[in-house]
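Colleague: I should like a close account of one part of this model, namely the enclosed and open spaces between its elements. Please set them in the context of the fold and of the charged pairs.

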Amino acid sequence: MNNLQRIANLYRDLLILIGAMILMVIAIFPEPFSLLRDPVSWLGKTGPGSGFAVYRSFWLFSAALIFITFKWYQIIAVVAQSPIWQKLYVRLAFLAVLAGFLLMLFPCDRFDPIHSTGGALVGIGMWIISSMMLFRLGRMFNRFVETSLHVMLHSSALYCIIHFSLDTPLKGFSQRPAILAIVLVTTICLHWHSKALQKGNSSDDEAVTDLLNS
């Protein structure tokens with residue numbers, strides 16, 4: 001198994017873990033929670049005076065976040081074996097996500113500036129990584145698909161930044177298109193590199209190799 005396939009498997013496991021974590025925490029969260037509109041970070045709040053029920057969801061959220069951080073560290077360990085790790089922006093992006101997950105352990109209702117900084121680091125880091133993958137593997141797609149993915153990725157990120165910066169009622173909802181765009185772009189890029197490796201196509205192999213080469 002090559003490094004790109006290991007990264008793809010770790011990323012798949014990470015998505016499954018995050019999805020399972022959200023569903024489990026919602027199941028024991030003592031307050032109504034909207035999957036569409038509420039910020040995900042609310043699931044990790046301690047809620048002053050809310051009693052043991054909130055602390056159960058808080059500790060489950062925190063435990064899952066620690067494990068997610070560990071899975072991301074495993075991804076970094078694989079990427080660090082490749083020449084692309086020598087690029088400063090790549091190291092900063094991956095380490096920003098790692099630091100962001102750790103800062104998000106601070107509950108948003110008690111340590112909002114710290115938690116929000118962590119969320120911003122995760123979002124910006126993942127946006128840089130997905131953008132880098134799309135730019136480097138863009139030649140694997142036709143021009144329309146590549147342009148559409150860029151528009152979706154960058155417009156959704158801008159939409160999220162605007163609503164969080166202005167602290168609007170839509171800031172929770174604005175997370176959803178940004179998260180979905182990042183996940184979709186990253187998943188498509190990883191899928192196409194795996195497909196190219198299986199086909200053994202020379203032009204695709206070159207594009208796939210470029211993803212981890214400097």
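Modeller: The account below moves from the fold to the pocket, the cavity, one buried side chain and the salt bridges.

The model is predicted, so that local features require pLDDT of at least 70 and side-chain atom pairs count only at pLDDT 80 or more, while totals for chains, interfaces and linings use all residues. Residues are numbered from 1 along each chain as its sequence is written, and side-chain values use heavy atoms, with hydrogens and water left out.

The chain contains seven helices and zero strands (DSSP runs, of H or I with at least four residues for helices and of E with at least two for strands, numbered from the N terminus). The order of elements from the N terminus is accordingly α-α-α-α-α-α-α. Of the 214 residues, 43% count as buried, where buried means under 20% relative accessible area, exposed means over 50%, and partly exposed lies in between, for a 1.4 Å probe and protein chains only. Among contacts (heavy atoms within 4.5 Å) between residues at least 6 apart in sequence, 66% join residues at least 24 apart.

The largest pocket has a volume of about 1,600 Å³. A pocket here is an open set of points on a 1 Å grid over the protein atoms alone, with protein on both sides within 12 Å along at least five of seven lines; a cavity is a set of points where a 1.4 Å probe fits but cannot get out, and lining residues have an atom within 4 Å of a point. Grid points are joined across faces, edges and corners, and a volume is the space filled by probe spheres set on the points. The largest pocket is lined by 48 residues, and those closest to its centre are Gly-119, Val-122, Gly-123, Gln-175 and Ile-179. Two or more lining residues come from each of H1, H2, helix H4 (112-137), helix H5 (143-166) and helix H6 (171-199). H4 supplies the largest share of this lining, with 10 residues. By class, the lining of the largest pocket comprises 34 nonpolar, nine polar and five charged residues; Ala, Val, Leu, Ile, Met, Phe, Trp, Tyr, Cys and Pro count as nonpolar, Asp, Glu, Lys and Arg as charged, and the others, Gly among them, as polar.

The structure also holds one cavity of 30 Å³ or more. About 180 Å³ of space lies in the largest cavity. Its lining has 16 residues, with Ile-7, Val-79, Phe-94, Ile-129 and Met-133 nearest the centre. The elements that contribute two or more residues to this lining are H1, H2, H4, H6 and helix H7 (202-212). H4 again provides the largest share of the lining of the largest cavity, here four residues. The lining of the largest cavity divides into 15 nonpolar residues, one polar and no charged.

Ile-7 is among the buried residues of H1, as are Met-21 and Val-25. H1 has 26 residues and spans 38 Å from its first C-alpha to its last, close to the 38 Å expected at 1.5 Å a residue; the expected span is 1.5 Å times one less than the number of residues.

Phe-61 is placed in helix H2 and is buried, at a relative accessible area of 4%. Beyond its neighbours within four places in sequence, Phe-61 is in contact with Met-21, Val-25, Val-40, Leu-43, Gly-44 and Met-104. Phe-61 and Met-24 are 37 residues apart in sequence, yet their C-alpha atoms are 8.8 Å apart in space.

The charged pairs complete the account. Side chains of opposite charge can pair when their charged atoms come close. The structure holds four salt bridges, each a side-chain nitrogen of Lys or Arg within 4 Å of a carboxyl oxygen of Asp or Glu. One of them joins Lys-45 and Glu-31, at 3.1 Å from N to O. Both residues lie in the loop between helix H1 (3-28) and helix H2 (52-79), so the pair ties together parts that are 14 residues apart in sequence. Lys-45 is buried at 16% relative accessibility, whereas Glu-31 is partly exposed at 31%. Lys-171 pairs with Asp-167 at 2.7 Å, N to O; Lys-171 is partly exposed at 25%, and Asp-167 is exposed at 51%. Arg-12 and Asp-13 form a further salt bridge, their closest N and O atoms being 3.3 Å apart. Arg-12, Asp-13 and Lys-71 are linked in a network of salt bridges.
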